Amino acid sequence: KTRSTSLPCWRKLAASMAASLLSEDLETYSNQYGTHGAIQRLQFIASQTSKTNLKIDALKLCLDLLKRTTNCKGYCEAHNSLKELLEGNDSAVPMFDQVWVEATQKQNGILKELYEQDLSQARGSQMKENIR
């Protein structure tokens with residue numbers, strides 16, 4: 001079997017929809033979804049559209065939504081993409097919120113440690129149960 005390198009039908013349709021969106025419709029469109037769903041859709045629109053203004057607006061909305069989550073990596077990637085788009089433009093690049101990134105990374109680290117401790121305790125309990 002050979003793999004087709006073309007996009008699946010649904011992906012083509014989604015790409016054409018992303019291209020036909022207007023910047024004014026973007027916020028209304030993204031409000032139909034929860035935070036994570038809206039982020040994914042805005043990232044897809046920014047990656048698929050050829051309209052620079054739409055890319056910029058999608059990334060700006062995406063940045064705002066990402067700050068409602070704990071996704072520091074996504075925030076940094078979206079900010080870098082937006083910064084690259086706006087370098088040749090007269091528009092001001094939104095400030096990178098280093099304080100939010102550091103605080104969120106610290107919070108994520110604490111949560112990770114707690115989850116690892118819980119997992120370790122559960123594994124120990126499971127081993128004791130298996131021995132009985």
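The questions and answers below concern a predicted model of one chain. Local features need pLDDT (the predictor's confidence in each residue, from 0 to 100) of at least 70, side-chain atom pairs count only at pLDDT 80 or more, and totals for chains, interfaces and linings use all residues. Residues are numbered from 1 along each chain as its sequence is written, and side-chain values use heavy atoms, with hydrogens and water left out.

Me: In which helix is confidence highest?
Reply: The chain averages a pLDDT of 85, and 82% of the residues score at least 70. Helices here are DSSP runs (H or I, at least four residues), numbered from the N terminus. Confidence is lowest in helix H1 (residues 9-20), at a mean of 59, whereas the highest, at 94, belongs to helix H5 (residues 72-86).

Me: Which element gives the largest share of the largest nonpolar core?
Reply: A nonpolar core is a set of buried (under 20% relative accessible area, 1.4 Å probe, protein chains only) Ala, Val, Leu, Ile, Met, Phe, Trp, Tyr and Cys residues joined through side-chain atoms within 4.5 Å. The largest one has 22 residues, and those touching the most other members are Leu26, Leu42, Ala58, Leu66, Tyr75 and Leu82. Helix H3 (35-48), helix H4 (52-66), H5 and H6 each give two or more residues to this core. The largest share, 9 residues, comes from H4.

Me: Is tyrosine 115 buried or exposed?
Reply: Tyrosine 115 lies in helix H6 (residues 98-131). Because its relative accessibility is 56%, and the cut-off is over 50%, tyrosine 115 counts as exposed.
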